[in-house]
Amino acid sequence: MSDWPQKGSNMQDGETLGTVNARHHWFDDLLSRASALPAVSVAVVYPCSPVVLNAAVDVAEDGLLHPVLLGPEETIRSLAAECGRDLNLCKIVCCPDAKAASEYAVQLVHDGTVSLIMKGALHTDMLLHAVLQHENGLRTGRRVSHVFVMDVPAYPRPLLVTDGVVNIAPDLACKADILRNAVALAHTLGLKIPKVAVLSAVETVTAALPSTIDAAALSKMADRGQITGALVDGPLAFDNAINMDAAREKEIVSPVAGQADVLLVPDIEAGNMLAKQLTFLAGADAAGIVLGAKVPIILTSRADSERARVLSCVLGRLVAEDQATGQS
């Protein structure tokens with residue numbers, strides 16, 4: 001593994017696999033790495049919106065993934081015709097509704113037919129309900145959690161934000177798994193020892209803010225080897241986690257402060273708002289993935305762009321490769 005890739009030249013406009021915005025460069029290397037791997041199959045659950053279907057066809061045409069489209073066949077074919085897309089590289093499995101498509105995706109994983117799942121035009125909780133069933137789901141010994149991978153123009157390195165999608169109010173044990181999932185993803189993306197900032201509103205431990213106590217405990221767990229593969233510090237406020245001047249002003253001595261690679265937020269509201277603020281106000285490129293299940297789950301918001309979905313497919317393909325080779 002190497003450190004984060006250096007910023008390089010942009011891909012040319014018109015390339016199908018994610019046109020690179022002039023402000024964003026970090027995803028270039030990931031696109032190249034994923035494109036060099038053999039394609040594997042992905043279950044696309046209920047691809048009944050143009051942005052989902054277009055993203056599925058894009059990754060198929062670029063040889064990144066083999067999409068298995070799960071949903072009403074007539075609806076899917078009609079939508080493809082409206083979008084002017086050819087479905088010859090995709091397989092369609094007729095499922096009457098989103099619930100049935102979610103359940104069938106889980107079955108395809110058990111059968112060894114697909115290596116990833118991609119969320120389509122359905123609510124997240126419906127898909128995760130099928131994934132997290134105790135008897136027939138895709139649970140492992142670790143809690144599932146979501147990670148945003150973000151390229152923020154004003155920040156000199158990629159930024160992983162977790163968990164703003166799945167775990168509503170995680171306790172300490174859940175936060176430890178959220179942290180482990182994010183660290184494993186950082187390793188997959190090429191960072192040997194990610195710097196993890198456990199966020200709160202302040203950088204001092206106080207009983208009035210339980211998130212500061214959890215942050216301190218996670219930091220000590222990392223010191224004692226209960227969490228490995230990363231430098232972990234907290235509590236840190238957002239400003240001194242990502243800005244060295246802010247950290248110096250508050251006289252914070254930390255190997256993480258001012259240069260965090262991973263931001264572990266206290267709850268889903270903080271993470272969701274932070275990620276969306278970085279996207280819509282700071283112009284960040286973003287991709288999203290759920291980890292901790294038997295296969296990676298490409299999970300984006302229904303309002304996310306086609307590019308965000310394609311980049312999320314790239315993350316999923318890299319994680320699937322690591323899982324297949326026993327590296328994660």
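Strand E1 is joined to strand E2 (residues 65-71) by 6 bridges, and the two strands run parallel. The model described here is a predicted one, and strand E1 is a useful place to begin reading it. On the way from E1 to E2 the chain passes through helix H2, and this β-α-β crossover is right-handed.

**Strand E1 and its partners**

- Within the pairing of E1 and E2, the bridge partner that Val44 finds in E2 is Leu69.
- Strand E1 is also joined to strand E4 (residues 116-119), in this case by 4 bridges, and these two strands run parallel; here Val42 stands opposite Leu116 in E4.
- Because 6 of the 6 residues of strand E1 (residues 40-45) are buried, this strand is largely enclosed by the rest of the structure.
- Both faces of E1 are covered, since Val40, Val42 and Val44 on one side are buried, and so are Ser41, Ala43 and Val45 on the other.

**The sheet as a whole**

- An open sheet is formed by 11 strands, which follow the order E3-E2-E1-E4-E11-E10-E5-E6-E9-E7-E8, and the pairing within this sheet is mixed.
- The edges of the sheet are strand E3 (91-94) and strand E8 (231-236), each of which pairs on one side only.
- Elsewhere in the sheet, strand E6 (residues 159-162) and strand E9 (residues 262-264) run parallel and are joined by 3 bridges, with Leu160 standing opposite Val262 in E9.

**The nonpolar cores**

- In soluble globular proteins, nonpolar side chains tend to be buried together.
- The largest nonpolar core in this model has 62 residues, and the members that touch the most other members are Leu65, Leu69, Leu87, Leu179, Leu185, Val196 and Leu218.
- Helix H6 (residues 172-189) contributes the largest share of this core, namely 9 residues.
- A second core, separate from the largest one, consists of 27 residues, including Leu108, Leu127, Leu128 and Val290.
- If its neighbours within four places in sequence are left aside, Leu87 is in contact with Leu53, Val57, Leu69, Ile76, Arg77, Ala80 and Ile92.

**Salt bridges**

- The structure holds 13 salt bridges, and three of the pairs are described below.
- Arg85 and Glu61 meet through their side chains in a salt bridge, with a distance of 3.2 Å from N to O. This pair links distant parts of the chain, 24 residues apart, as Arg85 lies in the loop between helix H3 (73-83) and E3, while Glu61 lies in helix H2 (residues 50-61).
- Arg85 counts as buried because its relative accessibility is 19%, which falls under the 20% limit for that class, whereas Glu61, with a relative accessible area of 42%, is partly exposed.
- Asp261 forms a salt bridge with Arg157, in which the closest N and O atoms are 3.4 Å apart. The two residues are 104 residues apart and link distant parts of the chain, with Asp261 in the loop between helix H9 (244-249) and E9, and Arg157 in the loop between strand E5 (145-151) and E6.
- With a relative accessible area of 3%, Asp261 is buried.
- The side chains of Arg180 and Asp177 meet in a salt bridge at 3.1 Å, N to O; both residues lie in helix H6, 3 residues apart, which is about one turn of the helix.
- In this pair, Arg180 is partly exposed, with a relative accessible area of 24%, whereas Asp177 is buried, with a relative accessible area of 13%.
- Salt bridges that share partners also join Asp58, Glu61 and Arg85 into one network.

Technical notes. Residues numbered from 1 in each chain as written. Predicted model: local features only at pLDDT ≥ 70, side-chain atom pairs only at ≥ 80, totals over all residues. Heavy atoms only, no water. Pairing = 2+ DSSP bridges. Core = buried A, V, L, I, M, F, W, Y, C linked by side-chain atoms within 4.5 Å. Buried < 20%, exposed > 50% of the residue type's maximum accessible area, 1.4 Å probe, protein only. Contact = heavy atoms within 4.5 Å. Salt bridge = Lys/Arg side-chain N within 4 Å of Asp/Glu carboxyl O. Right-handed = clockwise from strand over helix to strand, strands pointing away.
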